[in-house]
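Me: I'm new to this structure and would love a close look at one part of it. Could you walk me through the nonpolar interior and what surrounds it?

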Amino acid sequence: MKIAFLGPEASFTQLATTQLFPTETKIPQVSILDCFKAVEDGIVDKAVVPLENSIEGTVSMTLDYLYKTPEIQIEAEAVMPIAHHLMIHKSQSNDADLEKIYSHPQALAQSFHYLDQHYKNTPKQDFSSTAAAANHVSKNQDRKLAAVANQFAAKLYDLEIIQRNIHDFEQNHTRFIIISKSKNSYDNSSLENIGRKSGLLVSLPEDHAGGLHQVLSVFAWRNMNLSKIESRTLKTGLGNYFFFLNIVGDWHPILHENALEELKALGTKVDFLGNYNEYLLES
C-alpha cells in the first residue's frame, strides 16, 4: 500500500504518517494539493494531511480541497502534540545576527511571540514545510540561516538546536486526517482511540436570513452534538460560503440519514465525508 504525505522527510506530517502506517510505503509530496491529486489520480492508496492546529486553527487549504474533490473521503483523524525548535547549521555558532528564519507559515505563527521577542528584526520566510526549511538551512552552511522545525528534522539534516520549545502555547496539537477514495474507516488497535465522529460539507442554496439556523436545527432537535463548525469562502463572491461540520459519535443509519435528507430538502448541498475514528499519537 502506498501512502502520500506532506513532505519532505521529518515533517510533522511524516511523523504522524509513520505512526499511522508503520510498514506501508510512504511517498512525500511537496504540497497538500499534491497529496490530494495523488489520491485522486490513483498514484497512492491514501494520504495524510494536516487539518487543524490548536493555536492557529484550521488549515484552509485542506478544507478547500476536500470541497473541490468530492470523491475523496476521510478515513480517520489523528491528533499529535507539536514541539517547535529553532535550529541552525553546526558551522554557524553565533545566532545573534541571523540573516533569515525559515519555516512553514503555521510553525512561524505558532512561534510568533518568541520570534518577535528575540528576533524581531530578522526576516521570516514561509516554506512548504518545517522539514523543507531545515533542509534548506542544511544546504546553505555559509549563511547565517535558521529554521523552525522538530528535533527529527534537526537530526536528519545535522542541524544544531539553539532553542527548544519555542511555540507560544504549551498545549500545541495538530489534527491530521487520512484521506482516500474508500468509504471504509481506518482502524488501528495499537493506537489510543479517543473518539468517533462524522464529517460533512454543507453549502446553502442562497444567502438568506436564518439559513444557517435552519441547518443547525436539523442536528439540534435530534440531539446530534456538533464539535466543529467551520466556514470557508466558495470564492464565487463575497458572502458565499460552505461549511465543514463534525458530528460526534457513531453514525446511525436511520437517525443520521434522515438528517441528511432533511438538509437536502432545505435545498442545501451535502457531501458526507465519512464516519471515522480519532486517534492520539505520540509527540
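Reply: Here is a friendly tour of the nonpolar interior, followed by two loop residues. Please keep in mind that the model is predicted.

Let's begin with the largest nonpolar core, which has 25 residues. Inside it, Phe 36, Leu 66 and Ile 179 have the most contacts. Several elements each give two or more residues to this core, among them strand 1 (2-6), helix 3 (60-68) and strand 15 (269-280). The largest share comes from helix 2, with five residues.

Ile 179 is a good place to pause. Leaving out residues up to four places away in sequence, Ile 179 touches Phe 36, Val 39, Asp 45, Lys 46, Ala 47, Leu 66, Ile 72 and Gln 73. A second core, separate from that one, has 17 residues, including Phe 12, Ala 16, Ala 78 and Ile 82.

Phe 12 leads us to a loop residue, since His 84 is in contact with Phe 12. You will find His 84 in the loop between strand 5 (73-81) and strand 6 (85-89). His 84 counts as buried because its relative accessible area is 2%, under the 20% cut-off. Beyond its neighbours within four places in sequence, the contacts of His 84 also include Ala 107, Val 148, Arg 164 and His 167.

For a contrast, look at Ser 190, in the loop between strand 11 (173-180) and strand 12 (192-203). Ser 190 has a relative accessible area of 62%, so this residue is exposed. Its side chain makes a polar contact with the side chain of Asn 188, at 2.4 Å.

Terms used. Residues numbered from 1 in each chain as written. Predicted model: local features only at pLDDT ≥ 70, side-chain atom pairs only at ≥ 80, totals over all residues. Heavy atoms only, no water. Helix = DSSP H or I, 4+ residues; strand = E, 2+ residues; numbered from the N terminus. Buried < 20%, exposed > 50% of the residue type's maximum accessible area, 1.4 Å probe, protein only. Polar contact = N/O pair within 3.5 Å; in protein donor to acceptor, adjacent residues only side chain to side chain. Contact = heavy atoms within 4.5 Å. Core = buried A, V, L, I, M, F, W, Y, C linked by side-chain atoms within 4.5 Å.
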